[in-house]
Amino acid sequence: MHNRIKELRAKYNFTQNDLAKKVGVRRETIVFLEKGKYNPSLQLAHDIAAVFNCSIEEIFIF
């Protein structure tokens with residue numbers, strides 16, 4: 001699965017740690033998500049989408 005997390009982080013000027021704190025996970029989780037080595041739970045995908053004020057489908061490309 002491909003995602004746009006890194007692109008959106010850059011747009012909002014968030015570090016991996018900033019995003020991790022906002023969604024309640026460790027920075028390493030964000031690293032693995034960005035590399036495509038981890039598929040998020042529905043709750044985590046929802047939380048990330050809420051931070052960026054967009055839909056899950058706009059972030060995660062299946």
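Student: Does helix 2 pass helix 4 in a left-handed or a right-handed crossing?
Tutor: Helix 2 passes helix 4 in a right-handed crossing. This is a predicted model.

Student: At what angle do helix 2 and helix 4 pack, and how far apart are their axes?
Tutor: Helix 2 and helix 4 pack at an angle of about 115°. Their axes are 9 Å apart.

Student: Which residues make the contact?
Tutor: Take it one helix at a time. Helix 2 contributes Leu 19, Lys 22 and Val 23. Helix 4 contributes Leu 44, Asp 47, Ile 48 and Val 51.

Student: How do the residues of this contact divide into nonpolar, polar and charged?
Tutor: Five are nonpolar and two are charged. None is polar.

Student: Next, the interior. What should I expect there?
Tutor: In soluble globular proteins, nonpolar side chains tend to be buried together. In this model, the largest nonpolar core has 16 residues. Those with the most contacts inside this core are Ile 5, Ile 48, Phe 52, Ile 59 and Phe 60.

Student: Which helices each supply at least two residues of this core?
Tutor: Helix 1 (5-12), helix 2 (16-23), helix 3 (27-35), helix 4 (42-51) and helix 5 (56-59) each do. The largest share, four residues, comes from helix 4.

Student: Pick one core residue. With what is Ile 59 in contact?
Tutor: Leave aside the neighbours within four places in sequence. Ile 59 is then in contact with His 2, Asn 3, Arg 4, Ile 5 and Leu 8, among others. The list also includes Ile 48, Ala 49, Phe 52 and Cys 54.

Student: Now helix 4. Which of its residues are buried?
Tutor: Buried means under 20% relative accessible area. In helix 4, Leu 44, Ala 45, Ile 48 and Ala 49 are buried. Seen down the axis of helix 4, they fall within an arc of 135°, so they line one face of the helix.

Student: Which exposed residues does the face turned away from the buried side of helix 4 carry?
Tutor: That face carries Leu 42, Gln 43 and Ala 50.

Student: What covers the buried residues of helix 4?
Tutor: The cover includes helix 1, helix 2, helix 3, helix 5 and strand 2.

Student: Let me try the reading on helix 1. Which residues are buried?
Tutor: Ile 5, Leu 8 and Arg 9 are buried in helix 1. Look down the axis of helix 1: these residues fall within an arc of 105°, so they line one face of the helix. On the other side, Lys 6, Ala 10 and Lys 11 are exposed.

Student: What covers the buried residues of helix 1?
Tutor: The cover includes strand 1 (2-3), helix 2, helix 3, helix 4, helix 5 and strand 2 (60-61).

Student: Arg 9 catches my eye. Why does Arg 9 count as buried?
Tutor: Arg 9 counts as buried because its relative accessible area is 10%, and the cut-off is under 20%. Next, read the contacts. Not counting residues up to four places away in sequence, Arg 9 touches Phe 14, Thr 15, Gln 16, Leu 19, Ile 30, Glu 34 and Phe 52.

Student: And Lys 11, in helix 1 as well: buried or exposed?
Tutor: Lys 11 is exposed, with a relative accessible area of 65%. Lys 11 and Pro 40 are 29 residues apart in sequence. From C-alpha to C-alpha they are 21 Å apart in space.

Student: Where is Arg 4 found, and what does Arg 4 touch?
Tutor: Arg 4 is in the loop between strand 1 and helix 1. At 26% relative accessible area, Arg 4 is partly exposed. Not counting residues up to four places away in sequence, Arg 4 touches Glu 58, Ile 59 and Ile 61. The C-alpha atoms of Arg 4 and Leu 44 are 14 Å apart, with their positions 40 residues apart in sequence counted as the separation.

Student: Last, the backbone. Which residue follows helix 1, and what is the sign of its phi?
Tutor: Asn 13 follows helix 1, and its phi is positive, near 60°. Asn 13 is not a glycine. It lies in the loop between helix 1 and helix 2. At 68% relative accessibility, Asn 13 counts as exposed.

Student: What phi does Asn 53 take just after helix 4?
Tutor: Asn 53 takes a positive phi of about 55°. Asn 53 sits in the loop between helix 4 and helix 5. Asn 53 is exposed, with a relative accessible area of 68%.

Definitions and conventions: Residues numbered from 1 in each chain as written. Predicted model: local features only at pLDDT ≥ 70, side-chain atom pairs only at ≥ 80, totals over all residues. Heavy atoms only, no water. Core = buried A, V, L, I, M, F, W, Y, C linked by side-chain atoms within 4.5 Å. Buried < 20%, exposed > 50% of the residue type's maximum accessible area, 1.4 Å probe, protein only. Contact = heavy atoms within 4.5 Å. Arc of directions from axis to C-beta. Axes fitted to C-alpha atoms, helices over the stretch in contact; angles between N-to-C directions. Left-handed = near helix turned anticlockwise from the far one by under 90°. Nonpolar A, V, L, I, M, F, W, Y, C, P; charged D, E, K, R; others polar.
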